[in-house]
Amino acid sequence: MTSTKRMTVSQALIEFLAHQWTVDGDIRERTIPGVFGIFGHGNVAGIGQALRQLNVDQPDLMPYHQARNEQAMVHQSVGYARMRRRRATFASAASVGPGATNMLTGAALATTNRLPALLLPSDTFATRVADPVLQQLEQPWDIGLTVNDAFRPLSRFFDRVQRPEQLYSIALGAMRVLTDPAETGAVTIALPEDVQAETIDVPLAFLRDREWHLRRPRPERAALARAVAAIRSAKRPFVVAGGGVLYSGAEDGLRALVEATGIPVGTTQAGGGSLVWDHPQYLGAVGATGTAAANRLAADADVVIGIGTRYSDFTTASRTAFQDPGVRFVNINVAAFDAYKHGTQLPVIADAREALAELAIELEGFEVSAEYAQRAADEKRAWDAVVDEAFLPSGAARPGQTEIIGAVQSSTAPDDVIVQAAGSLPGDLHKLWRVRDPLGYHVEYAFSCMGYEIAGGLGAKRGALAGGSDRDVVVMVGDGSYLMLNSELVTAVAEGIKIIVVLVQNHGFASIGHLSETVGSERFGTKYRVYDEVARNFQGDRVLPVDLAMNARSYGLDVIEIAPTATAIDDLRAAMAAAKASDRSTLIHIESDPLLYSPSGEGWWDVPVPEAATLASTRRARSEYERQRVAQRPLLGEEVSG
Ligand SMILES: Cc1ncc(C[n+]2csc(CCOP(=O)(O)OP(=O)(O)O)c2C)c(N)n1
Ligand SMILES: [Mg+2]
């Protein structure tokens, strides 16, 4: 007798998800600990009913969470996934049409960051009997195409449950990709609204607990030997540590290896935390938003050991960071795609933790020269002094962002988590923030998505709580990002989840404003100002009467406003202390001068400047651009053969 249970497709999928477990060594946790959902037609009857039924029958099995915006559901999932080191993420259920397409940005962000997120957009009728339904696209050249096909290029796995019988292969395929370190990203299961409500006799085996063991491939012996030979021959080796170090739990292995060999380390944005800031060999951030210390060592490195890095243009300073003509890259990455970057002949396709453990054995006895170690130590000391100075309060009523970061830093505990994503803060934090815990630095900078901060921070806090830690999550957010997506503050209030938000009000885009000036676009459109009817632009002096503190207060949050006076930085410290002492969410509102910049870390970023212009500022910017671009190396590694 085969045992089956008659259920709807939605009931079967939700119950299946509730029984998936990720196993990583001694750690075993629910792969999908909950479902976010915003209901409309398409999912109110299918997934919505399934969640309600479980909520009544087995209340603890699959928690449901509300959100205010579908994009923010995915951001929360991604924030959670990073805190859980990719072992777990949420499912996000959306209604047909706009509810679904609101998740596209989240999907792209998850895939770009190599972080798992499970998306369940509803789809129009598989039978098409009711076509065209409300919110249906109707492409005349392909009637079967729906808005959900837009998820295909953004997802690492995409399928549509056209018939109930397809559920099994689709659900298992989705879980495999979600829990595969090399393939993970956005995983999308489109669910036509009629199929969601149809029944099927589900084998009980499908609903039993299932374990997904995280793959930790060891390096191929010959590839490792080639990498070891290259490192042993190096005079100026340099490690670029990326997010993969943290997702693999390889930070202890990294520390052991660099302590044994003396190799200095720079980190990418996602790799922040892979070595704590006061480790003597930690030179800080590398690349366009890097420190002068890391960038100077990177420039002269003869062997770069990349670990779990995608080598984004920020990491390579748009291919200007590594200037040694014969520089070689040892790329340790679980994804072959990343391991082969920069034409390297030394890819090591492996889990970071496994590869580092084996490298440590194979490199026994290898050490960098005393002179090289001294150079790294000197550069580190010099940069640390630069940061100390940048953190000093200026007494300005509208302080610079560096002082604000300094005050937030000194008010946080070592294991607090700083969350950011877009604007001038990611660059400043990358250079300045002194990371004291592997998971203490959470800057989404693969997609650098305005609006990630609050939702991602809430997800990160959920992730911390899931690990039994009540560490504070401190979200720093610019006024631009805040205006773009702040509505998950309501979710924080609704669930009583505590986050601290520091809102830096500088009336527009400090980041793009500065960039605009550098590329000769004269800050056009980057300031929030009252429209000037005569000049027909927003370039004037009249700032908007917008009150974001009042906006946050209206959500039911505790809000502390820092008055623009000479004691602003002291007041910020006091506000941080109050926010930390409280068990409620607090938003701290502080005004900042967007024209006070952080110290230069000597990195460059390629942003093309117009070749022709009537504006003198653009022509000047173009000649500077051409001067800078000389250092760019189209093929980074292995340009000198033999
Ligand atoms: C969704 C999205 N749109 C546009 C951009 C481009 N962009 C990057 S930073 C920025 C301005 C951010 O303003 P704000 O949050 O106030 O930070 P500030 O630059 O003032 O520090 C813009 C428009 C982006 N990263 N994300
Ligand atoms: Mg701003």
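**Around ligand 1, the magnesium ion and asparagine 113**

The shell around ligand 1 breaks down into 5 nonpolar residues, 9 polar ones and 1 charged one. That shell belongs to a predicted model, and its make-up is a handy place to start looking around. Of the 15 residues around the ligand, the ones that come nearest are Ser424, Ser448, Asp479, Gly480 and Ser511.

Some of the polar contacts can be picked out atom by atom. Serine 424 puts a polar side-chain atom 2.5 Å from an oxygen atom of ligand 1. With serine 448 it is the backbone that takes part: one of its polar backbone atoms sits 2.8 Å from a nitrogen atom of ligand 1. Methionine 450 also uses a polar backbone atom, here 3.2 Å from a nitrogen atom of ligand 1. On its own, ligand 1 has 580 Å² of accessible area, and the protein covers 78% of that. Two elements give two or more residues to the shell, namely helix 18 (479-484) and helix 20 (510-518). Helix 18 supplies the largest share, with 4 residues.

Next comes the magnesium ion, ligand 2. Its protein donors are Asp479 through OD, Asn506 through OD1 and Gly508 through its O atom, lying 2.0 Å from the ion. Asp479 turns up in both places, then: it is a donor to the magnesium ion and also one of the residues that come nearest to ligand 1. Along the sequence, the donor residues follow the spacing D-x26-N-x1-G. How much of the other two donors is left accessible? Asparagine 506 has a relative accessibility of 9%, so it counts as buried, the cut-off being under 20%. Glycine 508 is buried as well, because its relative accessible area is 7%.

A further spot to visit is asparagine 113, which is found in helix 5, the stretch covering residues 104-113. With a relative accessible area of 11%, asparagine 113 falls under the 20% cut-off and is therefore buried. Which residues does asparagine 113 touch, leaving aside neighbours within four places in sequence? The contacts are Tyr247, Glu444, Tyr445, Ala446 and Phe447. Glutamate 444 is a good one to trace by eye: it lies 331 residues from asparagine 113 along the chain, yet the C-alpha atoms of the two are separated by 7.6 Å.

How values were computed. Residues numbered from 1 in each chain as written. Chains lettered and ligands numbered in written order. Predicted model: local features only at pLDDT ≥ 70, side-chain atom pairs only at ≥ 80, totals over all residues. Heavy atoms only, no water. Buried < 20%, exposed > 50% of the residue type's maximum accessible area, 1.4 Å probe, protein only. Contact = heavy atoms within 4.5 Å. Donors = N, O, S within 2.8 Å, 3.2 Å for Na, K, Ca; no water. Near = heavy atom within 4 Å. Polar contact = N/O pair within 3.5 Å; in protein donor to acceptor, adjacent residues only side chain to side chain. Areas by Shrake-Rupley, 256 points an atom, 1.4 Å probe, with all protein chains shown as cover. Nonpolar A, V, L, I, M, F, W, Y, C, P; charged D, E, K, R; others polar.
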